[in-house]
Amino acid sequence: MGPLVPDIIGNELNYVVALLIGIAFGFILEQAGFSTSKKLVGLFYGYDFTVLRVFFTAGVTGMIGVIALGHFGLLDLNLIYVNPTFLWSAIIGGFIMGLGFVIGGFCPGTSFCAAAIGKTDAMVFIVGLVIGVFLFAEGYPALESIYKAENWGYVRIFETLGLSQGVFAFLLTTVAIVAFWAVTFVEKRVNKDSNLKPIPVYVTLSIIAIIIGFSTIFLPDRRESLLAKVEKSDVSKTADIELITPDELTLRLIRNDKTLQIIDFRKKEDIDSITLPNSLPMKIEEMFDKDSKKILSKRSKDNIFVCYDGSVAKKAALLGKELGYDNIMVLEGGFNLLKNEIINFKDYSLSEKKPDDTHRFRAEASLILNEKIAEAKKNKAGSETKKSKRVIGGC
Amino acid sequence: MNETKYMNPYLAGFLLGLLLIITIFITGRGLGASGAVKSVVVASVNTAAPSHANNQKFYAEYNTEHQGEPLKNWLVFELVGVVIGAFISGLISDRLSLKFEHSPKIRSTTRFVAAMLGGILFGFGSQLGRGCTSGAALSGMAVLSTGGIITMMAIFGGAYLFAYFFRKLWI
């Protein structure tokens, strides 16, 4: 379902959304007290940890929310923007920003909040920002090698650390809660507040947060867990997969059955060499994509899953069932059987064997089907399917 | 200190987290700020020195990505919203006033130089680090991006590391 842009919310409307989200963002930052440099740098000197509390709570909430949306299949995590990792620029850039933070007292977002309510020092900071970006832009040719060094791609932290998503989320939540208690203690020391008694509401909230954090372990990414489940299943014993014989499929194909749609799970080069009529290529992991959903959820169509021997197609059919598609059939014996029995039909009527009905049907059908395959190959050339791409974002 | 006027930080953080979830759910991307500054810089250079913008790689790459319209950028609209939202918040909480804020122990010229220098460093660093506290650190954490989390640790780690040397500016 999500992200709603660009399919449900168009790119133009997205600018209106941006404005509204910005208003909410600015409002929350200002209400939290992020419009004064004194409060912002407090965490670096121990007298005010508001920034850490707001920032960490927001980050953990966001993280758990995204994990939950992904788990329940409401958000396609493969389409959302994940900041790419370039190790050196991330570290060096981060350090320079940290230095700018303690000298200037703002970060970009908060400086605009402060300027909005009339803080002139924030306006000076913004002028500095513009100069800083300009200096980087001018120095870019010289900086490009550092900027692009050590490119790890769109990796996610739990992959880097070799943990599961849920375990990392739980650890981070716990770290955040521990940090909240620790900084409160430090803050009271620095501000000479001797009342160290914990506030019961915060004790309760901490426990709830840790329980929620723990529960993310049981909210694996829906995609990963379904793929693993299907991979483990023993398809030979599964009775609830509907099958179609090569003869039946051929009959429907030569009758130009418009309700038929073949989903071909073979390798691209094999599909290119023999393209079945009315067929679309797909990979099992692509079944989660929005594009595949458009194809598979057509009400009036029967989806015939084809692979080499039927085993992959059966797994795909199980996955299709999990994803809520109920109009799937699997070609029995796969493409190989279809090829042996019909496409490469061997006429033995000239030999001693007496031809039966099936044999006569196949002899006739083979000719028509091969014509259709040649036609499908011709049509295929030049028609490339459009794909949904990952959202481009970032600063 | 009249801190009671501000929202409870955990509540503010929770609301900000919800906003982040909504943003990612709707748009597929997180929040940001420094990217809008970049758009403004590129747009200014495009207008002031078009030939330079065509020849220099940074502007050329950016203009290609944005089909020559750098200001038609999601983050620019979002940042305009930030200013409006913060203004509304200031109005409601009676915090609107022109004020050059600095520690009583330093002169306003010192604060001026520090704010300017801090801005320059942050602007420069945000470009090198591909995002600032909002775009890289906060949004990166929500989507568990390795790069975002490294940048976040570097920003806060760096700030703690350097804080001692600039303590006179604040305390």
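Which side chains meet in a salt bridge at 3.3 Å, N to O? The side chains of A:E12 and B:K72 do, and the legends below begin with this pair before turning to other parts of the structure.

This is a predicted model, in which local features need pLDDT of at least 70 and side-chain atom pairs count only at pLDDT 80 or more, whereas totals for chains, interfaces and linings use all residues. Residues are numbered from 1 along each chain as its sequence is written, chains are lettered from A and ligands numbered from 1 in the order in which they are written, and side-chain values use heavy atoms, with hydrogens and water left out.

**View 1. The salt bridge of A:E12 and B:K72.**
A salt bridge is a side-chain nitrogen of Lys or Arg within 4 Å of a carboxyl oxygen of Asp or Glu, and the side chains of A:E12 and B:K72 meet in one at 3.3 Å, N to O. Because A:E12 lies in helix 1 of chain A and B:K72 in the loop between helix 4 and helix 5 of chain B, the pair joins two chains; helices (H or I, at least four residues) and strands (E, at least two) are DSSP runs, numbered from the N terminus. A:E12 is exposed, with a relative accessible area of 54%, and B:K72 is partly exposed at 34%, where buried means under 20% relative accessible area, exposed over 50%, and partly exposed in between (1.4 Å probe, protein chains only).

**View 2. A salt bridge between B:R111 and A:D121.**
B:R111 lies in helix 6 of chain B and A:D121 in helix 7 (residues 120-147) of chain A, so this pair joins two chains. The closest N and O atoms of B:R111 and A:D121 are 2.9 Å apart, and both residues are buried.

**View 3. The interface of chain B with chain A.**
Here 121 residues of chain B are in contact (heavy atoms within 4.5 Å) with 129 residues of chain A. The size of an interface is often given as the accessible area lost when the parts come together. Between chain B and chain A the buried area, which is the accessible area (1.4 Å probe) that two parts lose on being put together, summed over both, is about 11200 Å², and carbon and sulfur atoms give 74% of it. The count between the two chains is six salt bridges, and there are 49 residue pairs in polar contact, both residues being at pLDDT 80 or more. On the side of chain B that touches chain A, the elements that give two or more residues include helix 1 (9-27), helix 5 (74-92) and helix 6 (108-128) of chain B.

**View 4. The surroundings of B:H66 in chain B.**
B:H66 is placed in the loop between helix 4 and helix 5 of chain B and, at 17% relative accessibility, counts as buried. Its side chain is joined to that of B:N73 by a polar contact of 3.1 Å; a polar contact is a pair of N or O atoms within 3.5 Å, and within protein one must be able to donate a hydrogen and the other to accept it, while residues adjacent in sequence count only if both atoms are side-chain atoms. The C-alpha atoms of B:H66 and B:S39, which are 27 residues apart along the chain, are separated by 9.5 Å.

**View 5. A:N278 and A:S279 in chain A.**
A:N278 has a positive phi of about 50° although it is not a glycine, and this residue is found in the loop between helix 13 (268-273) and strand 5 of chain A. At 46% relative accessibility A:N278 counts as partly exposed, whereas A:S279, in strand 5 (residues 279-281), is buried, with a relative accessible area of 16%. The side chain of A:S279 reaches the backbone oxygen of A:L276 at 2.7 Å.

**View 6. A salt bridge within chain A, between A:D302 and A:R252.**
The side chains of A:D302 and A:R252 meet in a salt bridge of 3.0 Å, N to O. A:D302 lies in strand 6 (residues 302-306) and A:R252 in helix 12 (residues 246-254) of chain A, so the pair ties together parts that are 50 residues apart in sequence. A:D302 counts as partly exposed at 25% relative accessibility, and A:R252 counts as buried at 14%.
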